[in-house]
Amino acid sequence: MKTDELPTPALIIDLDAVERNIAKMQKFVTSRGCNIRPHAKSHKSPFIAKKQIAAGAVGQCCQTLLEAEALMLAGVDRILLTHNLASGPAIERFLNLKKNGEIMIIVDGTENAEMLAKAARHRGMVADVIVDTDIGANKVGQQPGEPAAKFSRWVTQTEGLRFRGIMGYEGHLQVSTPAFEERNAKAQVALAGVTKTLTALKELGIAPEIVTCGGTGTYNITAGYPGVTEIQPGSYIYMDRRYGEIGPAGTDFEKAMTVVGTVVSTPTPTRAVTDLGWKAVGIEYEAIGVGGMPTPMLPGLKYSPGGDEHGVLNAEEPKYRPNVGDRVKFIPAHCDTTLNLYGTFYGVRGDHVEVACPVARR
Ligand SMILES: Cc1ncc(COP(=O)(O)O)c(C=O)c1O
C-alpha cells in the first residue's frame, strides 16, 4: 500500500527516521557511560519499545498502568511506572504484572507507599520502588536532600517494599526553556537536587542502584551527570514542532511523525477545509499560549481548527490554496497528545506503508 492510499486523517510514522533517532540517542547515551530507559508515553507501542530495547535500552518507562500492561503483555519485561498509584484495584493490577517480568514504580510519600506495601505483604510479595524527588517541577516528589533520603530509609525498612533508587525528572525544563544555555543553567540547579539527595543517602549508608532523570530537552545534560545511571526521554523518537525548535534536540533528532488530511472543500480562493480537526491532532499547547497548531508541510498555508472533524487552511495567496481531494501533511505541535488520538499508526518507509500498528491502551 502507498502512503497516498491511506484513509485520512491518518497518523504516519517514518520508520527509517525513528530507527535513526533511536540509534543516535543510544550511541550518545552509551558514550556518556549512561543507560537509557525511554518513556513509552510518547509511543504506547510494544513495536517501538522493542526497537529501543534491541538498540540497547534497559527497559521502558510508562506513565499509566494501561501502558505498562500493554507493553508487558506484549513481552516487554523491564518497566518503571513513573506515576503514583493510589487505589487498591490499581495496585493489585500493578502487582499482577510481576508475573511477566521486572516492574518498578515510583513512590513519593508514606501514604501511597504504605498502600503498596500493605497489598504486597498481603500477597507475600515485594514491590520494587523508586523514590520520586521534586527537583523543581513543583508537582509530585519528595523534597531533595534529607527529606528524600529519610523517606528512602523508611522504604528500606518497610516490609513489602524494596528500595531500588531515586528519580528526579526535570519536567519543567524540557520544551519550556527554548534557549539551551538558559535550560542548561536551570538544569544544573535542578540536578544539584539529585546530588543533594545522593549525598544524604550516602550519609545514611544507602546506595541507590538506579538514579533516573532527563527528557528529550535535557538528554545531553543528564546523561553523564555524576550519579545518574539512566535517562528517560520519550519524544526524541518522533519529535514535534515544539521540540524541533529547541537545541540541540531539534537538530539532533528527525521529525518522524506527521498527520495527513484531505481537502474536502474549497469555499473561497484562499480557504481550503480539510478533514483534520482537533480529533486528529493535539492542539492543547494553544491553550497555554505557546502555539499548538500543526504546521502544514506546504508553503503559504496556515492551519486553524474548524471543530472536531474540520481543519481550515488559510492561504496567503490563491496560488497556495490546495484543491479538493489534495492531501496535506502536517507536523503536530505535540507528538504525545497527537498519538493519543489514534487507535492505529501507519509505519512507512518512503511512500510505502510497512505496518499498520495499533496504539496500545490510550
Ligand atoms: C516522568 C517523565 N519522564 C520522561 C518524560 C519524557 O519526556 P520527553 O517526552 O520530553 O522526552 C516525561 C514526559 O512527560 C515524563 O513525564
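Let's start where α4 passes α5, in a right-handed crossing. Keep in mind that this is a predicted model. The axes of α4 and helix α5, which spans residues 110-122, come within 10 Å and cross at roughly 55°. An angle from 65 to 115 degrees would count as roughly perpendicular and one under 35 as roughly parallel, so α4 and α5 are oblique to each other. Who does the touching? On the α4 side you'll find Gly88, Ile91, Glu92 and Leu95, and they meet Met115, Leu116, Ala119 and Ala120 in α5. Sorted by type, the residues of this contact come out as six nonpolar, one polar and one charged.

Helix α4 also turns up in the surroundings of helix α3, residues 65-73. Within α3, Glu67, Ala68, Glu69, Ala70, Leu71 and Met72 are buried. These buried residues of α3 pack against α4 (88-96), as well as α2 (46-55), β3 (60-62), β4 (78-81) and β5 (102-107). Now step just past the end of α3: there, glycine 75 takes a positive phi of about 100°.

Further along the chain there's another helix pair to look at. Helix α6 (residues 146-156) and helix α7 (residues 180-203) have axes that come within 8 Å and cross at roughly 45°. That makes α6 and α7 oblique to each other too, since the angle is neither under 35 degrees nor in the 65 to 115 range. Their crossing is right-handed. The contact is built from Glu146, Ala148, Ala149 and Ser152 of α6, with Thr197, Ala200 and Leu201 coming from α7. Here the split is four nonpolar residues, two polar and one charged.

On to the ligand. It is surrounded by 16 residues, of which the closest are Gly215, Thr216, Pro233, Gly234 and Ser235. What kinds of residue make up the shell around the ligand? The shell divides into 12 polar residues, three nonpolar and one charged.

Last stop: tyrosine 303, which sits in strand β13, residues 301-305. Is tyrosine 303 buried or exposed? Tyrosine 303 counts as buried, because it has 21 C-beta neighbours inside 10 Å, and the cut-off for burial is 20 or more. Leaving aside residues up to four places away in sequence, tyrosine 303 touches Met293, Pro294, Pro296, Gly311, Leu313 and Phe330. You can also check its position against valine 273: the two residues are 30 apart along the chain, and their C-alpha atoms are separated by 9.4 Å.

Technical notes. Residues numbered from 1 in each chain as written. Predicted model: local features only at pLDDT ≥ 70, side-chain atom pairs only at ≥ 80, totals over all residues. Axes fitted to C-alpha atoms, helices over the stretch in contact; angles between N-to-C directions. Helix = DSSP H or I, 4+ residues; strand = E, 2+ residues; numbered from the N terminus. Parallel < 35°, antiparallel > 145°, perpendicular 65-115°, else oblique. Left-handed = near helix turned anticlockwise from the far one by under 90°. Contact = placed C-beta atoms within 7 Å. Nonpolar A, V, L, I, M, F, W, Y, C, P; charged D, E, K, R; others polar. Near = placed C-beta within 6 Å. Buried ≥ 20, exposed ≤ 12 C-beta atoms within 10 Å, placed from the backbone.
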